[in-house]
Amino acid sequence: MKEKIIKIIDNLNDNGKINKKEILLLLTNLCDSENTKLSKIEIESLQEYLREKAYIKSHKIFGNKVYMRGLIEFSNYCKNDCIYCGIRKSNKNAQRYRLSKDDILECCDEGYKLGFRTFVLQSGEDMFFTKKRIVDITSSIKNKYPDCALTLSIGEKNYDYYKAIKESGVNRFLLRHETSTEEHYNKLHPKELLLKKRLECLKIIKELGFQTGTGIMVGSPFQTINNITNDLIFIKKLKPEMIGIGPFLPHEDTPFKDKDKGSINTTLILISILRLLFPFALIPSTTALGTISKNGRERGILAGANVVMPNLSPLSVRKKYSLYNDKICTDEEAMEGLELLRAKMLAIGYEITGERGDHIKHIFKQ
Ligand code: SF4
């Protein structure tokens with residue numbers, strides 16, 4: 001079996017090829033200790049074999065650069081009630097806030113001075129931000145900082161909304177599908193949220209020419225190895241430019257408060273597989289990884305990730321954007337936080353860069 005797994009990893013590394021059966025075999029043997037016949041030592045050596053291939057692949061393309069994105073969490077109001085989410089509408093303990101356009105621009109000003117050339121605006125699905133309001137904000141940012149890339153992560157919208165923000169200059173859009181198995185999706189979301197709608201949104205985003213990001217929570221309640229296999233197949237077909245995956249972390253004010261955390265190991269294995277599948281993809285080493293383990297973000301980079309997203313939101317609101325428990329939302333000012341992250345990356349031989357870091361397919365389209 002060990003030889004078979006090595007062959008699968010080699011073929012993925014050399015030719016970017018892997019089929020559904022092979023993904024299932026790989027995941028079962030590397031991530032599911034109950035259903036593999038391999039010994040612990042064999043599993044660990046295969047995990048390391050995969051990690052090293054992904055590390056080398058990432059290094060060949062991006063060198064020792066890690067792109068930084070300035071994250072601005074501008075509203076934690078949300079009309080939805082996703083079961084796992086700390087800012088779901090029925091969480092009465094969430095302290096709601098909304099940043100004004102001036103607040104957001106101030107965050108960009110500070111970020112720009114610190115060298116950020118990508119801003120990521122993230123929020124719940126806040127109905128206050130109509131198409132007109134959001135376009136006003138995004139065009140102001142693009143007018144003020146034409147050399148910066150702008151990413152939005154604001155959930156499901158209709159075609160006209162996505163089109164308007166694209167025309168306002170927004171370059172990238174993140175919409176994690178979370179799981180591509182309908183039965184599983186329905187266990188994580190209230191009945192009015194449909195997987196079909198989520199996938200349609202992703203299709204529109206891609207067709208409109210956004211650099212598109214999707215991804216999953218690893219170890220979300222009820223998730224199986226089959227589900228993750230389906231997710232990899234889905235991602236393979238979608239060909240996103242950005243792929244964000246992080247471990248599931250429970251939030252105390254949600255029905256999933258007593259569920260187990262996702263596994264850091266499985267998350268790292270998936271990052272490595274995704275790096276080999278998509279050598280040029282922008283893959284963040286997520287805040288959730290940094291939350292689950294002190295050196296989680298470094299391990300993410302060493303497993304093939306190439307992006308970090310320091311927080312540029314004002315200190316007064318950072319703790320309120322609480323998607324899960326113990327989220328690392330440091331008490332440092334943006335500059336201090338960035339310096340700490342820079343030091344952590346330097347310690348593993350990486351350098352944080354302020355370059356825009358567009359996906360290679362989009363570099364010449366700007
Ligand atoms: S996951 Fe997103 S859409 Fe769902 S409740 Fe949380 S913020 Fe809202």
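## A first look at the sheets, helices and ligand shell

The shell around the ligand is made up of four nonpolar, three polar and two charged residues. Welcome to this structure, which is a predicted model. Beyond the ligand, two open sheets stand out as landmarks for a newcomer: one has six strands, and the other has three. Several helix contacts are described below as well.

**Around the ligand**

- Which residues surround the ligand? They are Cys78, Asn80, Cys82, Cys85, Ile87, Arg88, Gly124, Glu125 and Gly155.

**The six-strand sheet**

- Following the sheet across, you meet its strands in the order S2-S3-S4-S5-S6-S8, and their pairing is parallel.
- The edges of this open sheet are strand S2 (70-75) and strand S8 (242-243), each of which pairs on one side only.
- Strand S6 (residues 211-214) runs parallel to S8, and two bridges join them.
- To find one of these links, look at glycine 213, whose bridge partner in S8 is methionine 242.
- Helix H4 (residues 101-113) lies across S2 and strand S3 (118-123). The angle between H4 and S2 is about 170 degrees.

**The three-strand sheet**

- Here the order is S10-S1-S11, in an open sheet with parallel pairing.
- Strand S10 (307-308) and strand S11 (351-353) are the edge strands, and each pairs on one side only.
- How many bridges pair strand S1 (residues 65-68) with S11? There are three, and the two strands pair in the parallel sense.
- Tyrosine 67 is a handy place to look, as it stands opposite threonine 353 in S11.

**Helices H4 and H5**

- Besides lying across S2 and S3, H4 packs with helix H5 (residues 131-144) at an angle of about 30 degrees, and their axes are 10 Å apart.
- Because angles under 35 degrees count as roughly parallel, H4 is roughly parallel to H5.
- Their crossing is right-handed.
- On the H4 side, the residues that meet H5 are Lys101, Ile104, Leu105 and Cys108. Their counterparts in H5 are Asp136, Ile137, Ser140, Ile141 and Lys144.
- Sorted by class, this contact of H4 with H5 has five nonpolar, one polar and three charged residues.

**Helices H2 and H9**

- Helix H2 (residues 20-31) packs with helix H9 (residues 225-238), with the axes 9 Å apart and an angle of about 135 degrees between them.
- That angle makes H2 oblique to H9.
- The crossing of H2 and H9 is right-handed.
- H2 brings Lys20, Ile23, Leu24, Leu27, Thr28 and Cys31 to the contact, while H9 brings Ile225, Ile228, Thr229, Leu232 and Ile233.
- By class, the contact between H2 and H9 has eight nonpolar, two polar and one charged residues.

Definitions and conventions. Residues numbered from 1 in each chain as written. Predicted model: local features only at pLDDT ≥ 70, side-chain atom pairs only at ≥ 80, totals over all residues. Pairing = 2+ DSSP bridges. Helix = DSSP H or I, 4+ residues; strand = E, 2+ residues; numbered from the N terminus. Contact = placed C-beta atoms within 7 Å. Axes fitted to C-alpha atoms, helices over the stretch in contact; angles between N-to-C directions. Near = placed C-beta within 6 Å. Nonpolar A, V, L, I, M, F, W, Y, C, P; charged D, E, K, R; others polar. Parallel < 35°, antiparallel > 145°, perpendicular 65-115°, else oblique. Left-handed = near helix turned anticlockwise from the far one by under 90°.
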